[in-house]
Amino acid sequence: MSYSGRLNAHLAQATRLLMVKADGGVLIHSDGGSYKPLNWMSPPATLRVTDPDPEQREAGIIEVWTVSATKTDDTLSILISEVHEEVSHDLGVDPGLVKDGVESDLQRLLAEQIELLGAGHRLIRREHPTPIGPVDLLARGPQGHVAVELKRRGDIDGVEQLTRYLELLNRDPLLTPVQGVFAAQQIKPQARTLAEDRGIRCLVLDYDAMRGVDDADSRLF
């Protein structure tokens, strides 16, 4: 296999899995490396199958695949010396990936279970507007208003985002003082350090427990 275009690459002869997709994409897989192919041609592309030239035939090549990108000069050349199995399947219309546990799910569940912020909290509204975008939840607690930013995985960018929201919300005399809560299923140590340094409370969310499918009896802790 040889690839020419933005860079040149070569794979030595070996047993490979070749996938030709209906959208024109071609992927070359080995038996390792998890889901990532060794090389590929993204669609739109054109696949042309030709006979080997005399030199290639002498080397044991029985078929040559040339995959050409439609929008660029990139070319993938695949030399086939043996076919172990050839299978074709029509997968039909793909319904798409439905993600569970996205930020909108966390927002809805925490709004319904606002007491997870602590006793005495009540929800004011979801998607509370600010001049730079909506903060996920605005609540009222014993010490004043609370702005909550939700992430599946909390990193430094999320803390910075909440910091900007808090700066604007605290300019509103009807809201100030506004405290911040950074809530996520996982919070990176650097994000926690930055949040706590800025007076922002961190809250780790148990998504399964929040949606009522957590099996407490199977836990070790």
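## Exercises on a predicted model

In this predicted model, the side chains of arginine 171 and glutamate 167 form a salt bridge, with N and O 3.1 Å apart. Let's start from that pair and work through the rest.

**Exercise 1. Find out how exposed the two partners of the 171–167 salt bridge are, then do likewise for the bridge between glutamate 149 and lysine 151.**

Step 1. Take arginine 171: its relative accessible area is 57%, so it is exposed.

Step 2. Now its partner. Glutamate 167 comes out at 48%, which makes it partly exposed.

Step 3. Move on to glutamate 149 and lysine 151, whose side chains meet at 3.5 Å, N to O. Glutamate 149 has a relative accessible area of 3% and is buried. Lysine 151, at 15%, counts as buried too, because the cut-off is under 20%.

Step 4. For the wider tally, the structure holds seven salt bridges.

**Exercise 2. Work out how far apart arginine 192 and glutamate 196 are along helix α4, in turns.**

Step 1. Check that they pair up: their side chains meet in a salt bridge at 3.8 Å, N to O.

Step 2. Recall the geometry: an α-helix has 3.6 residues a turn, so residues three or four places apart point the same way.

Step 3. Apply it. Arginine 192 and glutamate 196 sit four residues apart in α4, so about one helical turn separates them.

Step 4. Add the accessibilities: arginine 192 is partly exposed at 30%, and glutamate 196 is partly exposed at 48%.

**Exercise 3. Test whether the length of helix α3 fits its residue count, then decide how its buried residues are arranged.**

Step 1. Helix α3 covers residues 156-169, which is 14 residues, and at 1.5 Å a residue it should span 20 Å. The C-alpha atoms at its ends are 20 Å apart, so the two agree.

Step 2. List what is buried in α3: Gly158, Val159, Gln161, Leu162, Tyr165, Leu166 and Leu169.

Step 3. Look down the axis of α3. The buried residues fall within an arc of 160°, so they line one face of the helix.

Step 4. See what that buried set packs against: β9 (122-128), β10 (135-141), β11 (144-154), β12 (178-187) and α4 (189-197).

Step 5. Check the start of α3. There, a side-chain oxygen of aspartate 155 comes within 3.2 Å of the backbone nitrogen of aspartate 157.

**Exercise 4. Follow leucine 169 from helix α3 to its contacts elsewhere in the sequence.**

Step 1. Leucine 169 lies in α3, and with a relative accessible area of 4% it is buried.

Step 2. Setting aside neighbours within four places in sequence, leucine 169 touches His128, Thr130, Val135, Ala147, Leu175, Thr176 and Val178.

Step 3. Pick out alanine 147. It is 22 residues from leucine 169 in sequence, yet their C-alpha atoms are 8.5 Å apart in space.

**Exercise 5. Identify the largest nonpolar core and the element that gives the most to it.**

Step 1. The largest nonpolar core has 18 residues, and those with the most contacts inside it are Ala147, Val159, Phe182 and Ile200.

Step 2. The elements giving two or more residues to this core are β10, α3, β12 and α4. Of the elements, α3 gives the most, with five residues.

Step 3. Zoom in on valine 159. Beyond its neighbours within four places, valine 159 is in contact with Phe182, Ala191, Leu194, Ala195, Arg198 and Ile200.

Step 4. Don't stop there: apart from this core lies another, of 17 residues, including Leu106, Ile114, Val148 and Tyr207.

**Exercise 6. Place histidine 121 and describe its surroundings, then turn to the helix before it.**

Step 1. Histidine 121 is in the loop between α2 (103-112) and β9. At a relative accessible area of 16%, histidine 121 is buried.

Step 2. A polar atom of the histidine 121 side chain lies 3.0 Å from the backbone oxygen of glycine 118.

Step 3. Leaving out neighbours within four places, the contacts of histidine 121 are Ile114, Arg140, Gly141, Pro142, Val146 and Arg201.

Step 4. In α2 itself, Asp105, Leu106, Gln107, Leu109, Leu110 and Ala111 are buried. Their cover includes β9, β10, β11, β12 and α5 (207-210).

Terms used:
Residues numbered from 1 in each chain as written. Predicted model: local features only at pLDDT ≥ 70, side-chain atom pairs only at ≥ 80, totals over all residues. Heavy atoms only, no water. Expected span 1.5 Å × (residues − 1). Buried < 20%, exposed > 50% of the residue type's maximum accessible area, 1.4 Å probe, protein only. Arc of directions from axis to C-beta. Contact = heavy atoms within 4.5 Å. Polar contact = N/O pair within 3.5 Å; in protein donor to acceptor, adjacent residues only side chain to side chain. Salt bridge = Lys/Arg side-chain N within 4 Å of Asp/Glu carboxyl O. Core = buried A, V, L, I, M, F, W, Y, C linked by side-chain atoms within 4.5 Å.
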